Amino acid sequence: MRKLPIITSMYILTVYIPLLSSSLLAQAAIPDWCRALPRPEYKTLERVPVSDLWFEVYKPAPGIFAIYEPHQAEEVISYLIVGQKRALLFDTGMGISDVKKVTAELTKLPIIVLNSHTHDDHVGDNWEFDKIYAMDTDFTRKNAQGSREDAQAEVTPDQICGTLPKGFEPRTYTTRPWKITNYTHDGDRFDLGGRTLEVIATPGHTPDAISLIDRANGLLFTGDTYYPAPIWLFRPETDFKAYAASISRLNGLAPNVKVVLGAHNIPVASPAVLTRLVLAFAAMRKGVVPPTPDSPGKVLYKVGDISFLVRAPGGK
Ligand SMILES: [Zn+2]
């Protein structure tokens with residue numbers, strides 16, 4: 001779903017048909033996005049071994065663990081941000097395997113959860129945690145009730161790359177309800193001991209979207225407001241005007257940022273991307289870039305390395 005450009009299945013057929021082996025039949029069932037993995041950028045990152053093979057964990061900066069789920073099309077990335085006294089888990093992933101168990105292998109400190117926003121692929125394991133900070137919006141409260149429909153769409157065969165965890169049952173997969181224990185707001189600071197994170201409300205992708213900045217270390221966690229693949233701006237809860245203001249605010253922080261850490265596909269990007277994001281979004285809204293058709297009812301706008309997946313003009 002958050003796919004980057006890759007070779008087509010036609011190419012695969014051309015290359016492999018002469019072999020006519022059973023491995024060809026096996027490959028035919030592999031979704032295109034999955035063939036593009038592993039993404040080359042991961043080679044440059046330090047990998048941290050964990051026991052659960054559903055996850056891959058990388059260390060993009062000291063005390064930062066990117067918990068990546070490469071076997072599902074969202075390729076979602078949750079971040080465990082560790083201080084001296086406690087840790088903050090920025091998103092809990094799909095809830096397909098057990099992210100809490102992974103975090104327990106990475107730190108013994110108490111963990112608080114904060115979500116970049118409450119789409120299903122970011123709150124899947126919230127139910128496992130005791131302390132969950134959330135934005136004070138109706139959208140957030142509704143999503144905290146859990147849901148089945150979005151979760152079910154995540155586990156169709158075209159969304160899975162490799163093997164689902166043992167014991168996982170796609171037919172009964174839902175986003176489980178979870179409990180908001182504390183509200184958080186724009187400008188709040190989380191002192192983790194030797195590391196402070198500040199909440200930046202960045203509504204647009206959703207009304208409850210936030211980014212986190214670690215000013216001392218120049219780290220900006222952008223959730224789904226920016227990640228290095230087509231940015232999804234087609235859902236009814238998306239607000240273009242709010243999104244434009246949010247990315248402009250993030251761009252203003254760029255001079256003090258060393259690394260931008262988004263919530264899908266690849267965990268590191270250069271802060272220069274924030275300016276390109278603002279310019280690309282403005283170009284799209286001005287109508288100076290032509291859309292290309294994507295899945296039914298959606299079009300893709302692409303400006304250089306930035307792209308947006310939005311509702312087709314006239315579509316619902
Ligand atoms: Zn999202």
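1. Domains. The domain assignment splits the protein into domain 1, residues 1-34, and domain 2, residues 37-291. Please keep in mind that this is a predicted model. In it, the C-alpha centres of domain 1 and domain 2 are 30 Å apart.

2. The five-stranded sheet. If you are scrolling through the structure, a good place to pause is the open sheet of 5 strands, whose order is E9-E10-E11-E12-E14 and whose pairing is mixed. Its edges are strand E9 (189-191) and strand E14 (259-262), each of which pairs on one side only. On average, and ignoring direction, neighbouring strands in this sheet are turned by 20 degrees against each other.

3. Strand E11 and its partners. Follow E11 (210-214) next. E10 and E11 run antiparallel and are joined by 4 bridges; here Ala 201 has Ile 210 in E11 as its bridge partner. E11 and E12 are also antiparallel, with 3 bridges between them, and Leu 212 is matched with Phe 221 in E12. The hairpin formed by E11 and E12 has 4 residues between the strands, and Gly 218 takes a positive phi near 65 degrees there.

4. How covered is E11? Of its 5 residues, 5 are buried. Both faces of the strand are covered: Ile 210, Leu 212 and Asp 214 are buried on one side, while Ser 211 and Ile 213 are buried on the other. You may like to note that Asp 214 and Ser 211 appear in this buried set.

5. The parallel pair. Where does the mixed pairing show its parallel side? Strand E12 (residues 219-223) pairs with E14 in the parallel sense, over 4 bridges. Within this pair, Leu 220 has Val 260 of E14 as its bridge partner.

6. A helix across the sheet. Helix H8 (residues 240-253) lies across three strands, namely E10 (196-201), E11 and E12. Relative to E12, the helix runs at about 165 degrees.

7. The nonpolar core. Which residues touch the most other members of the largest nonpolar core? Among its 65 residues, they are Ala 66, Ile 67, Tyr 79 and Ile 81. Helix H9 (residues 272-286) supplies the largest share of this core, with 6 residues. As a general point, nonpolar side chains tend to be buried together in soluble globular proteins.

8. A closer look at Ile 81. Leaving aside residues up to four places away in sequence, Ile 81 touches Gly 63, Ile 64, Ala 87, Leu 88, Phe 90, Leu 192 and Leu 197. One of these, Leu 197, falls within strand E10 (196-201).

Conventions. Residues are numbered from 1 along each chain as its sequence is written. This is a predicted model: local features need pLDDT of at least 70, side-chain atom pairs count only at pLDDT 80 or more; totals for chains, interfaces and linings use all residues. A nonpolar core is a set of buried Ala, Val, Leu, Ile, Met, Phe, Trp, Tyr and Cys residues joined through C-beta atoms within 7 Å. A residue is buried if 20 or more other C-beta atoms lie within 10 Å of its own, exposed if 12 or fewer, and partly exposed in between; C-beta atoms are placed from the backbone. Helices (H or I, at least four residues) and strands (E, at least two) are DSSP runs, numbered from the N terminus. Two residues are in contact if their C-beta atoms, placed from the backbone, lie within 7 Å. Two strands pair if DSSP finds at least two bridges between them. Axes are lines fitted to C-alpha atoms, for helices over the stretch in contact, and angles run from 0 to 180 degrees between N-to-C directions. Domain bounds come from an automatic or database domain assignment.
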